[in-house]
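Here is a short briefing to read alongside the sequence and the structure. Please keep the 3D view open as you go through the points.

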Amino acid sequence: MTKKKEDIIRDLLIQLGEDPDREGLLKTPARSARTLECLTSGYSMSAEDVFKGATFHEQYDEMVIVKNIEVFSLCEHHMLPFFGKCHIAYIPNGQIAGLSKLARLVDIFAKRLQVQERMTTQIAHAIEEQLKPKGVGVVIEAQHLCMMMRGVEKQNSIAVT
């Protein structure tokens, strides 16, 4: 964590009309900087790293489905969270992956400033590149706080990609 991030957050608090020296906000710049680093840690991860040593030759050719993988990401347009479930299906072509690796793959792309549409295709393309399956499908269902808290304020909408 760099001091600069903390300074930027401190300046933002001032711009919002807050006093960063008041008791409740004293540690907010450091905590907020650490939080942003965690929420965007996917930039330092790759699909190759996730699948390295975790793929296995197997003559299984039925569909593999992992459902309800939790997704938490930040909308790149408003930097507000969106969250939901990711469902992955693929048909192996002589190679399978450890099931937890699919969940880790979701995190790589979710922990970046993101749009749901791009994240869906990034996950699918990474599976295609790493496993070379006969087919792959990825569905994400998510609620976006940028739609729920501001703008149209629709609390029950779910985007499906």
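In this predicted model, five strands make up an open sheet with mixed pairing, in the order 5-2-3-6-7. Strand 5 (113–114) and strand 7 (159–160) are the edge strands, each pairing on one side only. The points below start with the sheet and its helix, then turn to Glu70, a surface patch and the salt bridges.

**The sheet and its pairings**

- Strand 3 and strand 6 run antiparallel and are joined by 10 bridges.
- Within that pairing, Cys86 has Ile140 in strand 6 as its bridge partner.
- Strand 6 (residues 135–144) also runs antiparallel to strand 7, and here two bridges make the connection.
- If you would like a landmark for strand 7, look at Val160, which stands opposite Glu141.

**A helix across the sheet**

- Helix 4 (residues 99–110) lies across strand 2 (64–75), strand 3 (81–91) and strand 5.
- Relative to strand 2, helix 4 runs at about 20°.

**Around Glu70**

- Glu70 has its place in strand 2.
- Which residues does Glu70 contact, leaving aside its neighbours within four places in sequence? They are Gly84, Lys85, Val106 and Asp107.
- Gly84 is 14 residues from Glu70 in sequence, while their C-alpha atoms are 5.9 Å apart in space.
- Glu70 counts as partly exposed, at 45% relative accessibility.

**A nonpolar patch on the surface**

- Val139, Ile158 and Val160 form a nonpolar patch on the surface, and together they have about 260 Å² of accessible area.
- Val160 is thus a residue to visit twice: it belongs to this patch, and it stands opposite Glu141.
- Ile158 sits in the loop between helix 6 (145–148) and strand 7.
- With a relative accessible area of 53%, Ile158 is exposed, because exposed means over 50%.

**Salt bridges**

- Side chains of opposite charge can pair when their charged atoms come close.
- How many salt bridges are there in the model? The count comes to six, and three of them are described here, starting with Lys5 and Glu37.
- The side chains of Lys5 and Glu37 meet at 2.9 Å, N to O.
- Lys5 belongs to helix 1 (residues 3–15) and Glu37 to helix 2 (residues 28–39), so this salt bridge ties together parts that are 32 residues apart in sequence.
- Both partners are partly exposed: Lys5 has a relative accessible area of 36%, and Glu37 has one of 25%.
- Another salt bridge brings together the side chains of Arg22 and Glu18, at 3.0 Å from N to O.
- Arg22 is partly exposed, with a relative accessible area of 39%, and Glu18 is partly exposed as well, with 34%.
- Asp49 and Lys52 also form a salt bridge, with their closest N and O atoms 3.8 Å apart. This pair still counts, because the cut-off for a salt bridge is 4 Å.
- Is Lys52 buried or exposed? Lys52 is exposed, with a relative accessible area of 62%, whereas its partner Asp49 counts as partly exposed, at 48% relative accessibility.

Note on methods: Residues numbered from 1 in each chain as written. Predicted model: local features only at pLDDT ≥ 70, side-chain atom pairs only at ≥ 80, totals over all residues. Heavy atoms only, no water. Pairing = 2+ DSSP bridges. Helix = DSSP H or I, 4+ residues; strand = E, 2+ residues; numbered from the N terminus. Contact = heavy atoms within 4.5 Å. Axes fitted to C-alpha atoms, helices over the stretch in contact; angles between N-to-C directions. Buried < 20%, exposed > 50% of the residue type's maximum accessible area, 1.4 Å probe, protein only. Patch = residues over 30% accessible without salt bridge, like charges linked within 9 Å, V, L, I, M, F, W, Y side chains within 5 Å. Areas by Shrake-Rupley, 256 points an atom, 1.4 Å probe, with all protein chains shown as cover.
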